[in-house]
Each structure stands twice: as structure tokens, then as C-alpha cells.
Amino acid sequence: MKHTAFIKFHEELGAKMVEFAGYYMPVQYEGLVKEHLAVRSSVGVFDVSHMGEVWVKGPKALDFIQWVTSNDGSKLVDGKVQYSCFPNGKGGIVDDLLVYQINSETYLLVINAANIDKDWIWLVEKGKEFGLTEHELYNASDEFAQLAVQGPLALNAMQKLTNEPVEDMEYYTFKKLNFAGVNDVIFSTTGYTGSGGCEIYMANKDAPAIWKAVFEAGKGFGIKPIGLAARDTLRLEMGFCLYGNDINDTTSPIEAGLGWITKFTDHKDFIDKDYLLKQKEEGVSRRLRGFEMIDRGIPRQHYEICDAEGNIIGEVTSGTMAPSLNKAIGMGYVASGFTKFDTEIYIKIRNKMLKAKIVKTPFYKG
């Protein structure tokens, strides 16, 4: 099991530690609800060093990214980030990811921890088709540490650690800057919580000093360490997909409501383009939808979704009691005839049919 560069801090703080995607990670410190609400109201810090990072460099870099990802990389400019996915050639998704454009021949792909090995094998295979060398396609996942500092006060607190203006950074942008006395830190504003904030990418050797500086800077802002449990409830309140739950190798981006990152432009060809275009034009038999419970009960992954007669019409992919909303919410794939908002559905929980309704995401409006 791998440890991140912040392991000693988690243990000193008494975090409950679990195995996650091959890493020993903090699932909670004070408790899920307290940590969740701290991010919504002030500022919380997540160790997300388990995420993977892959460099794509050279004159063929953009063409390669255009082929292996669904979004249109040509729309990127230096300092901009793009959300995208890797279509798998069979109508499913290898992974969802972030694409950072450092310059026109240098890109950083940020991928999910559980998929690092799978993604790397996939990228190497596709890279060979493009003639990319080991210097042009490089897996740097073990070299990075990363903190996600999230919440409405996060950027105010982090401004204390850099002379570069960061408080008004646009969503999905980044800067390379001197942060807490460390040069060439990547400071981005993508976020997975819906409450604003930033991500800080650093070399492992700089991680302890930056952790200490971040918590010192946040003292007057109510800063708290946050575990993976609250990260999951925060992202679900926003209706953000989690790979392995809401999307996987068998779900298409069109079914998953990710048509907005699947760009069918003449100048871009990509894996599964024709198949996904056909889905977009002809429709799909199921859709990922958000729902909220009407009857009392908490939906969980793999619970059956049924119609009023008890016929199975889908399956729950994510579900929880949402701390910010004080109601049970979930997402799941639902047959096309039941996808309209306000449609009543039933979630089978412990052999009981409990009423819910289809709603528009995000659940949390901020």
C-alpha cells in the first residue's frame, strides 16, 4: 500500500485511515458532517496526492490529446484547464480527467487514482500509434503531491502564501507560481466540491513545508483537514460523476450526461466519435439522473430503481444523506421513459419500495 507525502500529518491528527485505490488515505478526522459543513462555510484541506499525473509533450501532443479525449483540446490556451474523458473504443469510458495546457507542446493530464495503471497502459498503447517517445509521454504520478484547499474562504487564505493574485482566478484556470517559498508550484481552480477553492501541485519533497504553511495561513479562516468521506458527499451534492460509481467502462458519456465534454467538430477526430455521434442523434435507452427521496430512506450504490408497478427501470450509482440539504439524494441510470424532471420513481431499500423523484442537478445551489 502506498503512502502520500502527508501521511505523518494524518496520523498525528488522529485521522481514521483506510485503503483507497492502493493508497493509505484519511477517510475522516472529526466526522463526515462536521468536515462537510466546514468546506461549505469556511475552508477545508484534502490530501489528493493519490491522483495520477501524466505529461504529454512535443509537437504531436495536441493531436494525441485530440484523439484520445472527447473534449476539444484546441480550445485550450496556456493557463487553462479542461474537463474531459477517454472513450474506450467500445462506447464506454476509460476514465475522466483534467487536461492542463502548460504551453502548446506541454500538457498535464490529471487522472483518477484507481485508474492510474489502466490509464497508463491505455495511453502508452495509443501513444505508440502516434510515435510518441518515453520523453513525450511520461507517468509522473509518484512524483507529485497535491492538496485541494476548498471552501468560500480558501482563496483568501491561500493569497497569504503568494505574491501572485489568486483570489479572483477564474474557474478552471491555473498558474505556475512561487507558493509558500516554493517555486514552480501549480495552483489551479478546478474544484470537486462546489464551494470554490484551489488545488496545489508540488514535488513530494516540498509537501511537508507546504502543508504546514497552508494550515498556518488558514488559522484565522477556520481551516480544517478533511477526509475522503466528505469529499464524496460534497461532490454528490453537486451532481459530479465519480468514476467507478457513476461512470465506467460500460457507460457512455452521452448516457452519463457528459455530452458537453464530447465535441463533434469537423476538425477533431477521436476514439468512438461515430458511435457517440449516433447516440447523440438517435438517443439512448438510459440516462444518468439525479433524484431526491420523498419517502424516508437512504439510497446506496446498486440499489434497484423501479416504476410504480415494481418493474426495474434502473440502478442507483451514488447515494447519501446530504449534510448541506438534510435530505437523501442519489444518482442513477434510469430508462429513457422515466428521465423527465419531477417523474416519480421508487428505490428498493431493504425490500421496501420507497418513493423518490427525478430532479435537476446540482442538488446544492450554494
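These legends accompany several close-up views of a predicted model.

**View 1. The largest nonpolar core and its best-connected members.** Start with the 39 residues that make up this core. Among them, F46, L98, Y100, L108, V110, I247 and L258 touch the most other members. Several helices and strands give two or more residues each: α2 (32–41), β5 (81–87), β6 (93–103), β7 (106–111), β9 (144–150), α7 (228–237) and β17 (327–335). The biggest giver is β6, with four residues. If you wonder about the background, in soluble globular proteins nonpolar side chains tend to be buried together.

**View 2. A closer look at L258 and the residues it touches.** Which residues does L258 touch, leaving aside those up to four places away in sequence? You should find Y83, I93, I247 and P253. Away from this group, the model also has a second, separate core, made of 34 residues. V45, A157, F179 and V185 are included in that second core.

**View 3. The hairpin of β10 and β11.** Here strand β10 (residues 174–179) runs antiparallel to β11, and five bridges join the two. Look for F179, whose bridge partner in β11 is V182. Two residues lie between the strands, and A180 in the turn has a positive phi of about 55°.

**View 4. Strand β11 and its pairing with β12.** Is β11 largely enclosed or largely open? Five of the seven residues in this strand (residues 182–188) are buried, so the rest of the structure largely encloses it. Strand β12 (residues 197–203) pairs with β11 in the antiparallel sense, over three bridges. To spot this pairing, find I186 and then Y201, its bridge partner in β12.

**View 5. An open sheet of five strands.** Follow the strands in the order β5-β6-β7-β4-β8, and note that the pairing is antiparallel. At the edges are β5 and β8 (137–139), each of which pairs on one side only. On average, neighbouring strands are turned by 25° against each other, with direction ignored.

**View 6. Strands β4 and β7 within the sheet, and the helix across it.** Six bridges link strand β4 (residues 52–57) to β7, again in the antiparallel sense. Opposite W55 you will find L108 in β7. L108 may look familiar, as one of the core residues that touch the most other members. Helix α4 (residues 116–130) lies across β4, β5, β6, β7 and β8, and runs at about 165° to β8.

Note on methods: Residues numbered from 1 in each chain as written. Predicted model: local features only at pLDDT ≥ 70, side-chain atom pairs only at ≥ 80, totals over all residues. Heavy atoms only, no water. Core = buried A, V, L, I, M, F, W, Y, C linked by side-chain atoms within 4.5 Å. Buried < 20%, exposed > 50% of the residue type's maximum accessible area, 1.4 Å probe, protein only. Contact = heavy atoms within 4.5 Å. Pairing = 2+ DSSP bridges. Axes fitted to C-alpha atoms, helices over the stretch in contact; angles between N-to-C directions.
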